[in-house]
Amino acid sequence: MKLNDPTLLRTDAYINGAWAAAPQDRRFAVTNPATGETIAEVADLGAAETTAAIDAAVPAQKAWAARTAKDRAMVMRKWYELIMANAEDLAVILTTEMGKPITEARGEIAYGASFIDWFAEEARRVCGDVMESPIPDKRFLTFKQPVGVFGAITPWNFPIAMITRKVSPGIAAGCACVLKPAEQTPLSALALAEVADRAGIPAGIINIVTGMDAPAIGETMCADDRIRKMTFTGSTEVGRILMRQSAGTLKKMSLELGGNAPLIVFDDADIDTAIAGTMASKYRNAGQTCVCANRIFVQDGIYDEFARRLTEASEAMKVGNGMEDGVEQGPIIDDQGLEKIERHVADARAKGAEVLTGGDRHELGGTYYQPTVLANMSSEMMMFGEETFGPVAGLFRFSTDDEAVAMANDTEFGLAAYIFTDSTSRLFRVSEALEYGMVSANTGIFSSEVGPFGGVKSSGLGREGSKYGIDEFLEIKFLCVGI
Ligand code: SIN
């Protein structure tokens with residue numbers, strides 16, 4: 001890996017402002033999914049080191065919360081600036097350990113940094129209230145205080161942005177964190193910590209616990225009553241475990257869990273917009289995002305043309321190592337991810353799906369998979385009920401608006417949904433009827449630091465980013481004053 005600043009490549013954990021190896025220098029390998037090569041051996045911490053990180057975070061949080069919001073904001077702003085100054089190196093680290101094309105990695109660095117910039121500003125806008133008192137000789141006020149130390153567990157698919165989306169509202173509010181990055185992508189997390197250190201974020205405010213034993217690290221965070229909040233992005237199954245494990249210490253929870261996004265294309269949609277939006281949503285990060293379109297519902301009148309155009313566009317995609325020029329789709333993160341895609345495609349084929357393009361591993365070998373379009377999809381197939389997390393576009397035909405909405409809502413999940421239509425009234429009617437936390441109309445990409453990100457039903461709890469995101473890290477205190 002060629003970096004302008006090789007000192008960004010850290011392989012020890014970061015606890016209390018210092019780089020920490022594991023006991024007996026235990027390490028785990030981080031591999032490049034594009035080549036299968038080992039790129040680093042990272043410190044393999046466990047439960048005891050997680051507790052040590054919490055020990056460090058507790059006093060650090062108190063000192064950090066005592067500083068003014070303006071002061072915290074200035075340090076965060078420096079962190080933002082240093083990330084942007086090192087954006088190219090951070091993008092190279094990200095692509096090398098995760099596989100997404102370098103153009104997408106560059107986009108993720110800017111997206112990830114935008115949360116720091118945004119929440120540095122939001123830190124200064126935290127306000128309480130003075131209420132009209134119902135009792136003549138009493139006055140009622142509220143003010144907001146940081147929840148304290150929080151635990152964060154982040155996924156491999158956005159190794160930078162899912163960290164900043166959690167850490168920046170937390171530290172803006174005056175909290176400290178103990179964060180476990182995904183074992184597939186710890187290098188981006190450690191590089192972020194290196195830059196945070198250079199920016200002057202005090203020791204103990206951001207602690208990065210790297211390790212393979214995610215259940216032990218997660219359980220330690222959940223069981224410790226000094227951790228007052230857990231924030232997690234990942235599967236619904238793990239989200240439920242963390243919630244159960246946190247019940248004993250009754251923590252605040254933010255959970256950004258699985259999706260099963262419907263994308264609905266109505267007859268009156270502008271076909272160019274619908275194709276561009278579907279390509280952007282479906283193939284972003286090789287289909288490995290929680291908000292990628294998973295079930296594409298297309299109305300009768302536009303179905304054949306849409307299927308033909310989507311097939312052509314999918315066939316034109318360049319698949320390869322994300323570091324190569326022009327690559328639009330990188331490898332799948334690992335064998336487990338690849339096998340799930342294969343299972344879903346085999347199940348769909350066995351139940352009558354027609355392969356319009358792709359449908360197999362890519363000739364590049366490794367974990368590469370062909371951009372795939374399947375027609376004649378039905379609700380009996382696995383792809384209807386669970387997210388595939390891969391570059392497979394399954395097309396379902398429908399006739400009426402009610403039918404489309406009923407199929408879209410027929411899932412336990414409720415993260416993101418997409419609609420394509422030129423009718424304003426349909427846009428509002430359908431958006432309101434969709435049981436999802438986010439609806440994207442006539443565009444395939446909606447994520448931003450300004451819009452609230454989060455789901456309903458089994459897709460989770462809470463909202464990240466936006467003016468609401470900081471509230472997840474604040475408690476409201478009521479003060480009643482007798483006069
Ligand atoms: C995710 O896949 O969890 C995040 C996607 C996004 O932020 O757009």
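Me: Which element gives the largest share of the lining of the second largest pocket?
Reply: Strand S3, residues 27-31, gives the largest share, with four residues. Keep in mind that this is a predicted model.

Me: How big is the second largest pocket, and which residues are closest to its centre?
Reply: The volume of the second largest pocket is about 220 Å³. It is lined by 15 residues. Closest to the centre are Thr 31, Pro 33, Gln 184, Ile 333 and Asp 334.

Me: How do I read the chemistry of that lining?
Reply: Sort the lining by residue class. The second largest pocket has six nonpolar, five polar and four charged residues in its lining.

Me: Which domains supply the lining of the second largest pocket?
Reply: Domain 1 (6-257 + 459-482) and domain 2 (261-448) each supply at least three residues.

Me: Now the largest pocket. What is its volume, and how many residues line it?
Reply: The largest pocket has a volume of about 1,200 Å³. Its lining holds 40 residues. Nearest the centre lie Trp 156, Gly 234, Ser 235, Glu 237 and Val 238.

Me: Which helix gives the most to the lining of the largest pocket?
Reply: H8 gives the most, with six residues. Helix H8 spans 236-246. At least two lining residues each come from helix H7 (214-223), strand S10 (227-233), helix H8 and helix H11 (335-350).

Me: How do the lining residues of the largest pocket divide by class?
Reply: There are 15 nonpolar, 16 polar and nine charged residues in that lining.

Me: Where does the largest pocket lie relative to domain 1 and domain 2?
Reply: Look at who gives residues to the lining. Both domain 1 (6-257 + 459-482) and domain 2 (261-448) do, so the largest pocket lies between them.

Me: What about enclosed space: how many cavities of 30 Å³ or more are there?
Reply: The count is four cavities of 30 Å³ or more. The largest cavity holds about 100 Å³ of space. Its lining has 13 residues, and Phe 158, Met 162, Arg 165, Glu 256 and Phe 453 are the closest to its centre.

Me: Which classes and domains make up the lining of the largest cavity?
Reply: By class, the lining of the largest cavity has six nonpolar, four polar and three charged residues. Domain 1 (6-257 + 459-482) and domain 2 (261-448) each give at least three residues to that lining.

Me: Next, cysteines. What is a disulfide?
Reply: A disulfide is a covalent bond between the sulfur atoms of two cysteines. Here, a search of the whole structure finds zero disulfides.

Me: Which cysteine sulfur is nearest to that of Cys 175?
Reply: The sulfur of Cys 177 is the nearest, 9.3 Å away, and Cys 175 is in no disulfide.

Me: Why is there no bond between Cys 177 and Cys 175?
Reply: Because their sulfurs are 9.3 Å apart, which is too far for a bond. The cut-off is 2.5 Å.

Me: Are Cys 175 and Cys 177 buried or exposed?
Reply: Cys 175 is buried, at a relative accessible area of 0%. Cys 177 is also buried, at 0% relative accessibility.

Me: Last topic: charged pairs. What is the general idea?
Reply: Side chains of opposite charge can pair when their charged atoms come close. This structure has a count of 31 salt bridges.

Me: Which salt bridge does Asp 5 form with helix H6?
Reply: Asp 5 meets Arg 198 in a salt bridge, 3.0 Å from N to O. Asp 5 sits in the segment before strand S1 (13-15), and Arg 198 in helix H6 (residues 186-199). They are 193 residues apart, so the pair links distant parts of the chain.Me: Are Asp 5 and Arg 198 buried or exposed?
Reply: Asp 5 is buried, with 18% relative accessible area. Arg 198 is partly exposed, at 35%.

Me: Which residues share a salt-bridge network with Asp 5 and Arg 198?
Reply: Arg 10 and Glu 194 do; shared partners join Asp 5, Arg 10, Glu 194 and Arg 198 into one network.

Me: Which residue pairs with Glu 88?
Reply: Arg 106 does, with the closest N and O atoms 2.8 Å apart. Glu 88 is in helix H3 (residues 87-98), and Arg 106 is in helix H4 (residues 102-123). Glu 88 is partly exposed, at 35% relative accessible area. Arg 106 is partly exposed too, at 39%.

Me: Where do Lys 229 and Glu 472 sit, and are they buried or exposed?
Reply: Lys 229 is in strand S10, and Glu 472 is in the loop between strand S21 (460-461) and strand S22 (474-482). Their side chains meet in a salt bridge of 3.9 Å, N to O. Both are buried.

Note on methods:
Residues are numbered from 1 along each chain as its sequence is written. This is a predicted model: local features need pLDDT of at least 70, side-chain atom pairs count only at pLDDT 80 or more; totals for chains, interfaces and linings use all residues. Side-chain values use heavy atoms; hydrogens and water are left out. On a 1 Å grid over the protein atoms alone, a cavity is a set of points where a 1.4 Å probe fits but cannot get out, and a pocket is an open set with protein on both sides within 12 Å along at least five of seven lines; lining residues have an atom within 4 Å of a point. Grid points are joined across faces, edges and corners, and a volume is the space filled by probe spheres set on the points. Ala, Val, Leu, Ile, Met, Phe, Trp, Tyr, Cys and Pro count as nonpolar, Asp, Glu, Lys and Arg as charged, and the others, Gly among them, as polar. Domain bounds come from an automatic or database domain assignment. Buried means under 20% relative accessible area, exposed over 50%, partly exposed in between (1.4 Å probe, protein chains only). A salt bridge is a side-chain nitrogen of Lys or Arg within 4 Å of a carboxyl oxygen of Asp or Glu.
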